[in-house]
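Open the structure in your viewer and keep the selection tool at hand. The stops below go from the whole chain to single residues.

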Amino acid sequence: LYRYRMQALYRYRMQALYRYRMQALYRYRMQALYRYRMQALYRHRMQVHYRYKMQALYRYRMQALFRYRIQALYRYRMQALFRYRMQVLYRYRMQALYRYRIQALYRYRMQALYRYRMQALYRYRIQALYRYRIQALYRYRMQALYRYRIQPLYRYRMQ
């Protein structure tokens, strides 16, 4: 009976020890599994967060690059428009200046031509007047010479 009881007690204790060890092992495995799952979940969340962060950063950089390009394009177009307007204005001013100079030159030439013609006309009239006076004087002298010298002499000879 004693031996039987000792064997039963031993079996009970072994079973209890086995059960305790199994439970401890199960607990350990469950904790390890939980830990593993938590770490995997954390890693996954970090990867998602990192991916999201990288995508946001990429989007921001692309937007900044796009904004910069649009601003550069706008600046370039404004400068080109300004250059074009300046060139048009310069051309317009040069043409106006050229027209003004040509008109001034034309006016000057016309005035010079007019002065020259007036002077030539004046000279011509003075010369004509002078010729007329000289001829008239010559005629008058010839007539006087004929009347007072030649005619009396001729009359005297005829007598």
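What percentage of the 159 residues in the chain is buried? Buried residues make up 1% of them, where buried means under 20% relative accessible area, exposed over 50% and partly exposed in between, with a 1.4 Å probe and protein chains only. This is a predicted model, in which local features need pLDDT of at least 70 and side-chain atom pairs count only at pLDDT 80 or more, while totals for chains, interfaces and linings use all residues. Residues are numbered from 1 along each chain as its sequence is written, and side-chain values use heavy atoms, with hydrogens and water left out.

**Whole chain.** Select the chain and turn it. Its C-alpha trace spans about 230 × 10 × 10 Å along the principal axes. The radius of gyration is 67 Å, whereas a compact globule of 159 residues would have one near 15 Å; the radius is taken over C-alpha atoms, and the globule rule is 2.2 Å times the number of residues to the power 0.38. About 16800 Å² of the chain is exposed, with carbon and sulfur atoms supplying 60% of that area (Shrake-Rupley method, 1.4 Å probe; for residues, only the protein chains shown count as cover).

**Helix H1.** Colour by secondary structure. The chain has 1 helix and 0 strands; these are DSSP runs, numbered from the N terminus, with helices being H or I of at least four residues and strands E of at least two. Now select residues 2–158, which form H1. From its first C-alpha to its last, H1 reaches 224 Å over 157 residues, close to the expected 234 Å, a span of 1.5 Å times one less than the number of residues.

**Tyrosine 12.** Select tyrosine 12 in H1. Tyrosine 12 counts as exposed because its relative accessibility is 51%. Measure from here to methionine 62: the two are 50 residues apart in sequence and 73 Å apart in space, C-alpha to C-alpha.

**Alanine 72.** Alanine 72 also lies in H1. Its relative accessible area is 25%, so alanine 72 is partly exposed. Glutamine 95 is 23 residues from alanine 72 in sequence and 34 Å from it in space, C-alpha to C-alpha.

**Tyrosine 146.** Where is the kink of about 35° in H1 centred? Zoom in on tyrosine 146, the centre of that kink; the bend at a residue is the angle between axes fitted to the seven residues ending there and the seven starting there. Tyrosine 146 is partly exposed, with a relative accessible area of 48%.
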